[in-house]
Protein chains: 2
Amino acid sequence: MSSLRVLAQTLGLSITTVSRALDGYGDVALATRERVLAAAEAAGYRPNSAARRLRRGLTEIVTMVLPAEPGHFNEPLYIELMGSIGERLAEQGYDLTLIAALPGPDELKTYRRLVDGRRTDAIIVVRTRREDARLRYLTDSGFPFVAMGRSDFPEPYAFVDGDGEAAFHDAVLRLAALGHRRIGHLAAPSAFTFAHLRRSGFERASRQAGLSAEIVEDSANEAGGYRAAKLLLAQPELPSALLCATDSMALGAMRAIRERGLVVGRDIAIIGHDNIPAAAFSDPALATMELPIAATGRRLAEMALARIGGADPRDLTEINAVEFIARASLGEART
Amino acid sequence: MSSLRVLAQTLGLSITTVSRALDGYGDVALATRERVLAAAEAAGYRPNSAARRLRRGLTEIVTMVLPAEPGHFNEPLYIELMGSIGERLAEQGYDLTLIAALPGPDELKTYRRLVDGRRTDAIIVVRTRREDARLRYLTDSGFPFVAMGRSDFPEPYAFVDGDGEAAFHDAVLRLAALGHRRIGHLAAPSAFTFAHLRRSGFERASRQAGLSAEIVEDSANEAGGYRAAKLLLAQPELPSALLCATDSMALGAMRAIRERGLVVGRDIAIIGHDNIPAAAFSDPALATMELPIAATGRRLAEMALARIGGADPRDLTEINAVEFIARASLGEART
DNA sequence: AGGGCTTTCCAAAACGTTTTGGATGGCGTT
DNA sequence: AACGCCATCCAAAACGTTTTGGAAAGCCCT
């Protein structure tokens, strides 16, 4: 049980020496270090994590807070993200813990419990919003955190994000080059920064190319895309292309298009974002854009560790390019 | 910082009394208890979790080990499952931590680290296999654990599972009632218990109804479903219905059917399992089956807590009914 | 020989909580 | 007045580790 003590006793050494031998201090003679390591291995010794955490004041835990809105939850991205974050953290002996927190008046309570109870060494904030009280609270409390996504929050903080603005700007120009003159955008709720940025890219490119651009905003899931597309398709002048904030919305939109008696890829081109697994297998296959999610997770983990080590958040900001994936839903050129 | 001590000092009480007051022992006069509670609230006191864990020998953590196979990872189910497990655990002051472990020779290392290092109070095992070394190890070590899914493992252990056997049996009879005589089954790798059970249900019903039944096994994702369906459709006599182990496989199969020039729901009926979000928005909408995943998560959490409390695993087994969801891919009756 | 330096080891304190085993004083009972 | 009992409180130990501040012994140099 009391492992370090037992180990020391059987070796005829002090607890101190055993501990230092295991941690690789130069303090210990090479011969004894090897003896200790062998004995520890043989006894299957694993340091008691609670004791080490208490003593060192570190939990060796990084916590990711999930925005657990019932309908919004099922985004395949997050599980891949968690996998890569967890893997990277494990290399450093850290664990990843998960907490669900509903956005709303009590959202900050979850964060306060984490911070005040010292239940974690760093927090990973996802699905950032343009006005985000969480960033304010964490910054004020001086607690290490990393965000996936940007925000209007003015003070410096560590984040990783995809360049959604450029990606959607680029996608519009791509559609324009194919001959589209009337492009609709199915936007996600613009309180979310990612949605705002994608919409901005869309708007900027539309102006630049002198296109007729219409925007409908709805939830970032299949049902939202379905409703938004239905609205756009009920107008007298139909768009010839739909640029959707997410693949889920795009799948919903494809259904609305079919129900209207039109054919995706022939009558209306459509593009999503995320490259979820189902996107490659829809009918027709959905053109989309992809953020390297595994790499993003690794970077988030590394940044969290860096922040725990006291790194300046100013040095920990990263905006990654988004890759365009052409598929059949893009259709042929039309001129 | 040293909060309990500070709190005691400002109150003019001993650490013992403050601690016992906060924990609600009858030991403390009502008046002082209230005084202590008020002061703790005012000071925003949160017990240091590492210290309490060390002293009580409990981590207040439950760990879910994710089978992190790169391609297999993106199953939307898991994120919803984690959300509901985490929520239920939080009600009891427990945290949910996540660890990724690749199946393979080193898989058990992850479990050993958790158990020997006392990093968690209970483990949740998912994606059980018929031969599952993890259940053997955890049972032998006497460590509290709960499984999502069954196994051939002979000793008693706590689990929640869906009744996939009955569900697939029922689905075959449903297809037979619609006039189908030649039904194919796209099976997931039968090392996984869920895949084996679904296949068994399919086989039992096929025999019972005297149907021609063919089975192809492949990975439980879109690509696997695509390959498996392609194989079945390359035969001289085509099946008129495909029963797929998962929705992801079904989406892959639908693509193979389209490429073969056939129409899903008219030429070939198709049924999946899981009711992933994309299923309702495929073309045609995918008939499927659904396990109440939020309820399952809650039960898993409750069982984990019960096992920590020393409950007998024999009393903690639950097999839930799966609900059939009819959609357009089921097609019309054909006689 | 004596002083300083290195190498190797260790006793004890500290982390913040929970729990054990009383101590104290007031009250009622005999 | 002596005794026991109850209500209320507390000092100290314990959990298992890391870290501080040396101690002891051997060596080299003057």
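How much area is buried between chain A and chain B, and what share of it do carbon and sulfur atoms give? In this predicted model, the two chains bury about 4,400 Å² between them, and carbon and sulfur atoms give 60% of that area. The size of an interface is often given as the accessible area lost when the parts come together. The two chains also share a second topic, DNA strand D, whose nearby surface draws on helices of both chain A and chain B.

**Where chain A meets chain B**

- The contact involves 45 residues of chain A and 45 residues of chain B.
- Across this interface there are 6 salt bridges. One of the salt bridges links A:Asp283 with B:Arg258, where the closest N and O atoms are 3.4 Å apart.
- Polar contacts between chain A and chain B come to 14 residue pairs, counting those with both residues at pLDDT 80 or more.
- On the chain A side, the elements giving two or more residues are H4, helix H5 (76-91), strand S2 (95-101), helix H6 (107-116), helix H10 (222-233) and helix H11 (247-259).
- Sorted by class, that side of chain A has 22 nonpolar, 14 charged and 9 polar residues.

**A strand pairing across the chains**

- S2 of chain A and strand S2 (residues 95-101) of chain B run antiparallel and are joined by 3 bridges.
- If you would like a pair to look up in the structure, try A:Leu96, whose bridge partner in S2 of chain B is B:Leu98.

**The surface near DNA strand D**

- DNA strand D is surrounded by 26 residues, and the closest are A:Leu4, A:Ser19, A:Arg55, B:Thr16 and B:Thr17.
- Helix H2 (15-22) and helix H4 (49-56) of chain A each supply at least two residues of this surface, and so do helix H2 (15-22) and helix H4 (49-56) of chain B.
- The residues here divide into 10 nonpolar, 9 polar and 7 charged.
- Helix H4 of chain A appears in both settings: it is listed for the surface near DNA strand D and for the side of chain A that touches chain B.

**Backbone and bases of DNA strand D**

- Among the atoms of DNA strand D within 4 Å of the protein, 58% belong to sugar or phosphate, while the rest belong to bases.
- The side chain of B:Thr16 has an N or O atom 2.7 Å from a base nitrogen of DNA strand D.
- For B:Arg55, a side-chain N or O atom lies 3.0 Å from a base nitrogen of the strand.
- B:Asp27 places a polar side-chain atom 3.2 Å from a base nitrogen of DNA strand D.

Notes. Residues numbered from 1 in each chain as written. Chains lettered and ligands numbered in written order. Predicted model: local features only at pLDDT ≥ 70, side-chain atom pairs only at ≥ 80, totals over all residues. Heavy atoms only, no water. Near = heavy atom within 4 Å. Polar contact = N/O pair within 3.5 Å; in protein donor to acceptor, adjacent residues only side chain to side chain. Helix = DSSP H or I, 4+ residues; strand = E, 2+ residues; numbered from the N terminus. Nonpolar A, V, L, I, M, F, W, Y, C, P; charged D, E, K, R; others polar. Contact = heavy atoms within 4.5 Å. Buried area = accessible area lost by both parts, 1.4 Å probe. Salt bridge = Lys/Arg side-chain N within 4 Å of Asp/Glu carboxyl O. Pairing = 2+ DSSP bridges.
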